[in-house]
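Me: I'd like to go through a protein model with you, one question at a time. Could you keep the reasoning short and plain?

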Amino acid sequence: MTSKKASSSGADEAETKLSPSGFPVKEVPGSYGVPFFSPLKDRLQYYYLQGAEEYFRSRIASNGGATVLRVNMPPGPFITRDSGVVALLDARSFAVLLDDAKVDKTDTLDGTYVPSLKLFGGYRPLAFLDAADPRHAAIKGVVMRLAVARMHQVAPTFKISFGAMFDAVDAGIGSGPVQFNKLNEVHMFDFTCSALFGGKTPSEAMGDGAVTKAIKWLLLQLHPIASKVIKPWPIEDLLLHTFRLPAFLVSGDYAALTAYFAEAAAAVLDDAELAKTGISREELLHNLVFMALFNAYGGFKIFLPHVVKWLARAGPALHASLAEEVRAACPEGGEITVSAVDRMPLVKSVVWEALRMNPPVEFQYGRARQDLVVESHDAAYQVRKGEMLFGYQPMATRDERVFKDAGEFVPERFVDGGEQGKLLGNVVWSNGPEDGVAAEGNKQCPGKDMVVAVGRLMVAQLFRRYDTFAATVEDLPLEPIVTFTSLTKAAPLTE
């Protein structure tokens with residue numbers, strides 16, 4: 001029989017277990033509440049009554065300031081059977097989600113639910129595979145080689161798309177305000193496919209309805225976690241968050257998109273077959289569709305409006321500094337290239353700061369591979385094998401314990417000689433640190449460098465063409481609606 005003294009000693013030892021940093025290890029605070037009813041209530045608070053930021057901050061406050069806590073995450077009933085997650089809401093704890101040795105990311109891209117594989121031709125795309133899955137390395141290797149091989153096409157292709165986009169802005173601004181988002185979603189779709197594969201653009205191959213097909217397909221995947229799309233909100237919640245919309249609603253659109261990519265990406269598919277990657281041509285095709293539409297185009301659709309939003313809010317003083325830097329590096333007649341924008345410290349800083357303030361993907365999920373201890377800045381918590389970990393990235397990248405004036409857009413924050421070397425690793429929009437490198441064996445975005453380059457090209461082209469601009473901004477959960485109200489064209493240089 002175990003004595004009371006021995007039992008007490010064991011309890012004391014458990015209570016005094018310390019983390020690597022010397023914090024006493026605690027149980028994760030918070031509660032999932034009453035099954036079905038609490039996840040439903042929390043969904044309404046998250047989307048409509050509080051909003052994401054207040055949803056998390058109110059729970060931090062009610063749990064004594066703890067930034068690691070148990071919460072429910074949408075969509076909840078009836079789409080998700082288990083809404084409970086361990087939320088990591090500061091930069092230090094969030095880093096666990098970037099450690100592939102600690103978290104398994106199989107089927108965690110969208111969080112507590114997995115879209116129907118019918119949306120992907122019956123295959124599980126790369127983004128839904130864990131880094132330890134052998135297929136992950138094979139598919140990601142193809143994507144990484146493609147990104148490197150096509151990098152030289154990014155700047156000239158972007159110049160064409162930017163020119164077409166802002167020719168339309170200039171044509172419309174005389175008659176009234178012009179919304180950036182609508183033009184961006186059309187021209188960046190063509191840009192993405194041309195930059196990656198060459199050949200005909202989707203608009204040329206499928207007509208003006210090409211982008212609509214892509215957006216419908218994206219919506220079918222993401223509708224359980226979309227909001228502020230339909231008014232009034234009770235109708236939206238019933239239609240988007242309660243039941244899965246069936247994949248057959250976009251089967252025709254997806255078939256047309258797949259047929260386009262089968263032709264556009266034929267050379268990539270041929271090379272992969274010759275290289276004997278172990279992935280069938282059909283599976284790789286569906287992965288390329290997902291990569292181009294979801295990862296690349298979906299990212300640009302969200303990211304670039306945020307860049308323009310912050311530029312609009314910063315105003316003429318920043319515009320003048322950017323215009324001076326761009327025009328000094330690329331005088332009139334000189335090409336704006338990827339290597340050229342790499343020599344523009346303020347342009348680079350503005351883009352990194354936009355990615356810090358508004359990472360294109362706000363959420364990260366992963367399941368604990370084993371029992372582990374998660375440390376925040378001030379405490380340590382016991383997480384058990386199989387528990388779903390969740391990180392709300394804006395709270396990690398706006399952590400006041402890491403960044404000074406963390407909630408403010410500071411254009412020069414990452415200018416050379418400033419905080420760049422020390423803090424760039426805390427910009428983690430790409431599922432890894434900004435100073436990290438994507439590899440076949442990790443989950444960092446294989447197109448990371450291309451995304452950053454496009455952001456820089458957008459800023460550089462904008463201030464090569466214009467001295468300044470003004471725009472209104474309507475903040476929405478997914479992307480802000482940016483509407484140009486005036487643009488001042490740069491005066492041509494005289495001999």
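**Helices, core and salt bridges**

Reply: Sure, let's start with helix 2 (residues 37-49), whose buried residues are Ser 38, Pro 39, Asp 42, Arg 43, Gln 45, Tyr 46, Tyr 47 and Tyr 48. Keep in mind that this is a predicted model.

Me: What do the buried residues of helix 2 pack against?
Reply: Take the buried set, which includes Pro 39 and Tyr 47. These buried residues pack against two helices and two strands: helix 3, strand 2 (68-72), helix 9 (233-241) and strand 6 (363-368).

Me: Which residue follows helix 2 with a positive phi?
Reply: Look just past the end of helix 2 for a phi near 90 degrees. The residue there is Gly 51.

Me: In the salt bridge of Lys 41 and Asp 42, how far apart are N and O?
Reply: Side chains of opposite charge can pair when their charged atoms come close. Lys 41 counts as partly exposed because its relative accessibility is 43%, while Asp 42, at 8%, counts as buried. Their side chains meet with an N to O distance of 3.3 Å.

Me: Which residue forms a salt bridge with Glu 53?
Reply: An α-helix has 3.6 residues a turn, so residues three or four places apart point the same way. In helix 3 (residues 52-62), Glu 53 has a partner 4 residues along, about one turn of the helix. Glu 53 is partly exposed at 28% relative accessibility, and the partner is partly exposed at 42%. With the closest N and O atoms 3.0 Å apart, that partner is Arg 57.

Me: How many residues apart in sequence are the parts that Arg 145 and Glu 440 tie together?
Reply: The side chains of Arg 145 and Glu 440 meet in a salt bridge, at 3.9 Å from N to O. Arg 145 lies in helix 5, and Glu 440 is in the loop between helix 17 (420-423) and helix 18, so the pair ties together parts separated by 295 residues.

Me: Which residues join Asp 167 and Asp 170 in one salt-bridge network?
Reply: A search of the whole structure finds 32 salt bridges. Some share partners, and that joins Asp 167 and Asp 170 into one network with Arg 465 and Lys 489.

Me: Is the crossing of helix 5 and helix 18 left-handed or right-handed?
Reply: The axes of helix 5 (residues 134-173) and helix 18 (residues 448-465) come within 10 Å and cross at roughly 35 degrees. Residues meeting there include Phe 158 and Phe 166 from helix 5, and Leu 457 and Leu 462 from helix 18. By class, the contact has 13 nonpolar, 2 polar and 5 charged residues. The crossing is right-handed.

Me: Which helix gives the most residues to the largest nonpolar core?
Reply: That core has 105 residues, and those with the most contacts inside it are Phe 166, Phe 197, Trp 217 and Leu 311. Leaving aside neighbours within four places in sequence, Phe 166 has contacts that include Phe 180, Met 458 and Phe 484. The helix giving the most to the core, with 19 residues, is helix 12 (residues 281-314).

Me: Is Ser 194 buried or exposed?
Reply: Ser 194 lies in helix 6 (residues 180-197). Not counting residues up to four places away in sequence, Ser 194 touches Arg 150, Thr 157, Gly 199 and Thr 201. Because its relative accessibility is 13%, and the cut-off is under 20%, Ser 194 counts as buried.

Definitions and conventions: Residues numbered from 1 in each chain as written. Predicted model: local features only at pLDDT ≥ 70, side-chain atom pairs only at ≥ 80, totals over all residues. Heavy atoms only, no water. Axes fitted to C-alpha atoms, helices over the stretch in contact; angles between N-to-C directions. Left-handed = near helix turned anticlockwise from the far one by under 90°. Contact = heavy atoms within 4.5 Å. Nonpolar A, V, L, I, M, F, W, Y, C, P; charged D, E, K, R; others polar. Core = buried A, V, L, I, M, F, W, Y, C linked by side-chain atoms within 4.5 Å. Buried < 20%, exposed > 50% of the residue type's maximum accessible area, 1.4 Å probe, protein only. Salt bridge = Lys/Arg side-chain N within 4 Å of Asp/Glu carboxyl O.
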